[in-house]
Amino acid sequence: MTRTVKFDGRPIWAEVSLGALVHNLRAIRKHINSSGEGGARRERRKILAVIKSNAYGHGIVPVGRALSKTGADWFGVTCSAEGVELRESGIREPILILTGFWEGEEQRILENHLTPAIMRPDQLRLLEKAAARSRKPRRGPVDFHLKIDSGMNRLGISPAEIPAFAHVLADCPHLRLGGTFTHIASSEVFTTEQTIEQEKMFESALACMKSLKLDSGIVHMANSAAIVGRPSTWYQMVRPGAILYGYHQFFEPPELNPQMEAKLPVRPVLSFRARIISLKETAPGSRVGYNARWTAPGPARVAVLAAGYADGLVRVLSNKGRIIVRGQFAPIIGTVSMDLTAADVTGIPEARVGDIATIYGTDGGTTQSVPDVARIANTASADLLCALGKRVPRFYLP
Ligand SMILES: Cc1ncc(COP(=O)(O)O)c(C=O)c1O
């Protein structure tokens with residue numbers, strides 16, 4: 001692992017396994033196109049790789065390039081700025097702006113051949129105006145995807161608004177509806193009917209579009225947990241985020257987790273490590289860190305690592321989290337500070353300054369995954385990944 005990573009600078013880094021990423025994309029492709037599941041199909045289902053928010057912290061450009069080479073059909077980002085970054089890095093695949101656009105972004109969207117999601121009929125008029133004004137020659141109308149709110153009550157038009165939307169669209173000769181999608185609120189929760197209700201509502205929207213002779217274009221609904229466990233949501237394209245990066249959502253009821261994980265085994269892409277930069281022998285009663293939140297119960301060895309909450313070692317892990325040193329867990333003690341974190345290595349007498357402390361990843365046969373830490377921090381794995389600091393260098397390994 002870390003033998004390949006050598007650099008000068010503050011000893012904290014992330015290792016991104018492009019091999020694991022590519023493996024995960026291939027595993028998803030196989031899973032959604034396997035015979036029997038999700039209905040018989042003549043056409044291969046497509047994959048829109050969700051690489052918004054700097055590819056969940058992993059680095060949007062290297063991740064986008066690796067997935068492009070492995071045949072991702074589409075990319076999903078949050079805003080035009082992320083789309084432009086991908087275009088400037090040479091990505092040619094279609095890019096969907098999942099949360100649509102804000103007035104003023106239209107020109108940038110058109111110039112960079114990005115595909116916006118539309119959530120409100122008035123956005124059609126804005127896009128139409130920009131497309132009609134655009135002086136750049138194009139091969140055809142500007143494509144967009146329509147977002148349907150099937151019950152998450154966040155973004156999108158409700159099925160009842162479709163006739164009004166169709167009416168506005170009929171007046172937009174420079175636009176073309178290239179796709180229709182919705183987002184699932186609780187795809188990992190199998191103790192409620194919410195997803196089934198969302199599926200029904202989405203189906204009613206598609207039926208309404210059909211009755212209005214409105215071609216829905218490419219239809220998509222499924223995020224990671226739905227890709228794993230709900231074949232009826234796969235339609236023509238799926239939108240994986242979490243499973244691309246090698247972790248599953250927490251299914252409910254929890255007994256489902258092993259069986260769901262076995263359906264689509266994925267490999268963790270990210271390891272996060274820092275080195276021990278100080279070691280102290282402390283007397284019983286010594287207090288460690290800001291506000292003295294930890295007191296040594298006896299003679300202790302306190303290691304300090306070059307990682308803090310500004311790097312993505314989140315503060316809620318104060319007195320709760322753990323790291324791996326020389327293949328053994330060491331508890332995080334005291335308050336995690338901006339740049340530094342202390343750990344109790346009393347039980348690891350061989351620990352030395354310069355040793356690697358693994359925050360996520362495997363060391364000496366011991367593993368701590370991002371979901372393991374998410375459980376301790378009582379949050380989602382994506383929350384932790386997106387917290388990975390800008391100043392943490394990422395190394396892309398095969
Ligand atoms: C519209 C949309 N589709 C797909 C995803 C991917 O979700 P997940 O990471 O659960 O696969 C997201 C992520 O939030 C999203 O916003």
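Helices and strands here are DSSP runs, numbered from the N terminus: a helix has at least four residues and a strand at least two. With that in hand, welcome to this structure, which is a predicted model.

## The overall picture

The protein chain contains twelve helices and 19 strands. Along the principal axes, its C-alpha atoms fill a box of roughly 75 × 45 × 40 Å. How does the radius of gyration of the protein chain agree with that of a compact globule? A compact globule of 398 residues would have a radius of gyration near 21 Å, and the 24 Å of the protein chain agrees with this.

Of the 398 residues, 46% are buried. Contacts also reach far along the sequence: among those with a separation of 6 or more, 66% are between residues 24 or more positions apart.

## Two domains

The protein chain is divided into domain 1 (18-263) and domain 2 (270-397). Their C-alpha centres lie 37 Å apart. Where the two domains meet, ten residues of domain 1 are in contact with twelve residues of domain 2. On the domain 1 side, the residues that touch domain 2 are six nonpolar and four polar, with no charged residues.

## The nonpolar core

Nonpolar side chains tend to be buried together in soluble globular proteins. In this model, the largest nonpolar core has 113 residues. Which of its residues have the most contacts inside it? They are A49, F75, A303, L305 and A343. At least three residues of this core come from domain 1, and at least three come from domain 2.

L305 is a good place to look around. Leaving aside residues up to four places away in sequence, L305 touches A274, R275, I276, I277, I323, T341, A343 and A357. One of these partners, A343, is also among the core residues with the most contacts.

## Around the ligand

Next comes the ligand. The residues surrounding the ligand are V50, L98, H183, N223, S224, R239, P240, G241, A242 and A382. By class, this shell has five nonpolar, four polar and one charged residues.

## Five residues to visit

Some individual residues make handy stops on a tour. The table gives the number of other C-beta atoms within 10 Å for each, together with the resulting class.

| Residue | Other C-beta atoms within 10 Å | Class |
|---|---|---|
| H248 | 22 C-beta atoms | H248 is buried |
| Y235 | 21 C-beta atoms | Y235 is buried |
| F395 | 17 C-beta atoms | F395 is partly exposed |
| A262 | 9 C-beta atoms | A262 is exposed |
| N378 | 9 C-beta atoms | N378 is exposed |

The cut-offs help in reading these values: a residue with 20 or more such neighbours is buried, and one with 12 or fewer is exposed. Y235 counts as buried because it has 21 C-beta neighbours inside 10 Å.

Y235 lies in the loop between α9 (224-229) and β9. Although Y235 is not a glycine, it has a positive phi of about 45 degrees. N378 also has a positive phi without being a glycine, in this case about 55 degrees. The loop that holds N378 runs between α11 (370-377) and α12 (381-386).

What kind of peptide bond joins E252 and P253? The bond is cis, with omega about 0 degrees. P253 is in the loop between β9 (237-238) and α10. H248 lies in the loop between β9 and α10 as well. Not counting residues up to four places away in sequence, H248 touches V228, A242, I243, M260 and E261. Among these partners, A242 is one of the residues around the ligand. From S158, H248 is 90 residues away in sequence and 30 Å away in space, C-alpha to C-alpha.

A262 sits in helix α10 (residues 256-263). Although A262 and V228 are 34 residues apart in sequence, their C-alpha atoms are 9.4 Å apart in space.

The tour ends with F395, in strand β19 (residues 394-397). Which residues does F395 touch, not counting those up to four places away in sequence? Its partners are V5, W13, E15 and V16. P297, by contrast, is 98 residues from F395 in sequence and 39 Å from it in space, C-alpha to C-alpha.

Methods: Residues numbered from 1 in each chain as written. Predicted model: local features only at pLDDT ≥ 70, side-chain atom pairs only at ≥ 80, totals over all residues. Near = placed C-beta within 6 Å. Nonpolar A, V, L, I, M, F, W, Y, C, P; charged D, E, K, R; others polar. Core = buried A, V, L, I, M, F, W, Y, C linked by C-beta atoms within 7 Å. Domains from an automatic or database assignment. Contact = placed C-beta atoms within 7 Å. Rg over C-alpha atoms; globule rule 2.2 N^0.38 Å.
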